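Please work through the following exercises with the sequence and the model at hand. Each task is followed by a solution in steps.

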Amino acid sequence: MNIRPKPAEPGRIRYTQVYKYILDRIHRGDWKAHDKLPSVRELAGELQLHRLTVFRAYGLLKEQGYIYVKEKSGYYVSGGRPYTDPAEPEDASNTRSNLTTGGAGGTTFNALARHGTGHLQNTLSEIHQIPAVYSFSQVLIDPNLLPNLFLSDHVKQVFDRYPKLLGTYSSVQGDEELRELLCADMQRKDKLQVSCDELLITTGGQQAIDLLAGVFLRPMDYVLVERPTYSSALDCFRQRGARLLPVEIHRDGYDLDLVEGYMKRHKPRMFYMNPTFHNPTGFIVPASQRKRLVELAERYGCLIVEDDAVHDVYFDAPPPPPLYSYDTEGWVVYLRTFSKYLAPGLRICAVAARAAVMAPLLTAKSLADNGTPLVNQKLFQHCFESERLQQHLEKLRTALQIRRDVMEQALAAGTGWQWYRPQGGLNLWVRLPEGLSSNQLLTEGVRRGLTFVPGTICDPLGEMDDRIRLSFSFKNEAQIREGVHLLVQLADELARGG
């Protein structure tokens with residue numbers, strides 16, 4: 001099984017693609033009227049293209065009146081022209097499918113993308129579909145740990161309360177009662193300054209990521225992403241033709257000087273992050289960095305997408321406040337998944353965003369599905385407002401902490417395994433014994449009914465072949481012991497060449 005992402009195919013970048021890239025940046029205000037544009041040499045170097053390609057794009061923009069030339073000075077954005085989309089130039093109809101997403105800045109970014117626009121890929125989903133006795137790839141909670149009888153009892157109560165529930169749609173933004181409930185919960189527990197109008201209910205966090213990518217990303221845009229990170233988000237951004245800028249995440253957060261340098265130089269449209277019980281590492285970005293990151297986003301005009309899927313699954317102390325709590329200018333979009341630890345099948349995610357971001361998101365949501373199913377929202381609302389939920393959460397944290405400890409004990413029986421002990425979340429991020437390949441180990445594991453997530457698909461560079469993500473939440477204690485014992489045995493056999 002070859003799970004390692006392949007570098008982007010060396011496709012041909014047409015001058016019409018560069019034309020649209022420049023025009024998009026002018027539309028967005030990155031370059032305003034009478035601003036000087038990068039020289040042909042500078043832009044060609046940034047995009048890793050032939051200078052003639054950039055020169056032809058500038059020529060077309062000049063011909064159409066979007067830019068002008070000052071002799072011996074360079075190219076400038078025209079003033080006074082209404083910036084409406086022109087008719088697409090010749091050959092532009094194929095630009096999206098031909099766009100390659102190889103990055104700028106040298107060989108560091110050559111392997112950032114596996115596919116450009118027009119190519120759908122979700123490697124994580126492919127792994128999840130593999131039948132396995134010991135599935136350590138699923139970031140799901142064991143159904144036996146969920147309040148199933150409690151949920152069953154509430155189904156009839158919900159339909160008694162709302163007898164016409166199946167006869168209507170939800171609003172596009174989400175059921176108002178549910179949004180008010182979640183809004184009050186965020187205000188009370190997390191001190192978030194958020195109103196009901198600033199919440200959107202999506203069908204899970206994955207849909208929220210996809211909607212944001214569709215609204216705010218264009219081909220060749222830069223996106224800051226953690227290294228490692230949630231692999232399905234990477235696939236989503238690649239599908240939009242974005243270029244990924246990796247930022248290493250450590251136990252104490254990020255290198256903020258590097259983050260600022262990227263923002264200043266590349267003007268990324270978005271920074272996708274998972275700062276609370278990070279997937280896959282389990283790290284927590286400290287509060288001091290969270291405030292600073294919001295300040296950087298405001299200064300450089302970079303939208304922060306804060307994915308917070310397991311906020312309430314902590315073992316010792318609650319995590320720091322979300323970045324959204326520091327945001328006053330609308331540069332943070334907060335994705336809060338609630339249903340994962342209650343009823344994952346309901347697929348409820350709340351997206352908190354200020355008005356300027358919310359408006360286009362609502363249009364995108366209406367085009368996607370015209371609103372998350374109302375039945376799901378009402379079932380979740382009725383359970384969420386119950387006092388029993390907090391009792392369930394307390395028991396769940398204890399059960400998951402025990403399973404984490406069991407997985408660590410089983411790994412410790414092997415030789416050379418290393419990992420970080422998370423204080424919450426659902427995963428262990430594990431370094432393999434020296435000389436082992438995660439992809440090779442996965443191939444052998446699948447043959448024996450065992451799956452996990454190889455580090456290569458979590459890495460925007462397609463490396464980290466010596467790391468794996470193991471979820472301790474989906475299998476019970478006995479299955480964890482058996483499965484990890486098998487994993488260690490397989491690793492020993494590979495190390496011996498067996």
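The exercises below concern a predicted model.

**Exercise 1. The loop between β7 and α11**

Task: Determine where Phe 277, Pro 280 and Pro 286 are placed, and describe the backbone and surroundings of this loop.

Solution.
Step 1. Phe 277 lies in the loop between β7 and α11, and Pro 280 belongs to the loop between β7 and α11 as well. Pro 286 is likewise found between β7 (270–273) and α11 (287–300).
Step 2. Consider the backbone. Phe 277 is not a glycine, yet its phi is positive, at about 50 degrees. Asn 279 and Pro 280 are joined by a cis peptide bond, for which omega is about 20 degrees.
Step 3. Consider accessibility. Phe 277 has 4% relative accessibility and therefore counts as buried, the cut-off being under 20%. Pro 286, at 27%, counts as partly exposed.
Step 4. Look for contacts of Pro 286. Once neighbours within four places in sequence are set aside, Pro 286 is in contact with Asp 252 and Gly 253. Between the C-alpha atoms of Pro 286 and Pro 275, which are eleven residues apart along the chain, the separation is 8.4 Å.

**Exercise 2. Span and burial of α8**

Task: Compare the span of helix α8 with the expected value, and decide how far the rest of the structure encloses α8.

Solution.
Step 1. Helix α8 covers residues 204–216, which is 13 residues.
Step 2. The expected span is 1.5 Å times one less than the number of residues, which gives 18 Å for α8. From first C-alpha to last, α8 reaches 19 Å, close to that expectation.
Step 3. The buried residues of α8 include Gly 204, Gly 205, Ile 209, Leu 212 and Phe 216.
Step 4. Ten of the 13 residues of α8 are buried, so α8 is largely enclosed by the rest of the structure.

**Exercise 3. Packing of α15 and α17**

Task: Classify the arrangement of α15 and α17 and describe the residues through which they meet.

Solution.
Step 1. Helix α15 (residues 438–447) packs against helix α17 (residues 477–495) at an angle of about 120 degrees, and their axes are 10 Å apart.
Step 2. That angle makes α15 oblique to α17, because it falls outside the range of 65 to 115 degrees for roughly perpendicular and is not over 145.
Step 3. The crossing of α15 and α17 is right-handed.
Step 4. On the α15 side, Gln 440, Leu 441, Glu 444 and Gly 445 meet Leu 487, Leu 490, Ala 491 and Leu 494 of α17. By class, the residues of this contact are five nonpolar, two polar and one charged.

**Exercise 4. Three further loop residues**

Task: Locate Pro 228, Asn 370 and Leu 461 and state what is noted for each.

Solution.
Step 1. Pro 228 lies in the loop between β5 (222–227) and α9 (231–239). The peptide bond leading from Arg 227 to Pro 228 is cis, with omega near 0 degrees.
Step 2. Asn 370 is found between α12 (355–368) and α13 (374–384). Although Asn 370 is not a glycine, its phi is positive, at about 65 degrees. With 38% relative accessibility, Asn 370 counts as partly exposed.
Step 3. Leu 461 has its place in the loop between α16 (455–458) and β15 (467–471). Its relative accessibility is 12%, so Leu 461 counts as buried. Leu 461 and Leu 245 are 216 residues apart in sequence, while their C-alpha atoms are 9.3 Å apart in space.

Terms used
Residues numbered from 1 in each chain as written. Predicted model: local features only at pLDDT ≥ 70, side-chain atom pairs only at ≥ 80, totals over all residues. Heavy atoms only, no water. Helix = DSSP H or I, 4+ residues; strand = E, 2+ residues; numbered from the N terminus. Buried < 20%, exposed > 50% of the residue type's maximum accessible area, 1.4 Å probe, protein only. Contact = heavy atoms within 4.5 Å. Axes fitted to C-alpha atoms, helices over the stretch in contact; angles between N-to-C directions. Parallel < 35°, antiparallel > 145°, perpendicular 65-115°, else oblique. Left-handed = near helix turned anticlockwise from the far one by under 90°. Nonpolar A, V, L, I, M, F, W, Y, C, P; charged D, E, K, R; others polar.
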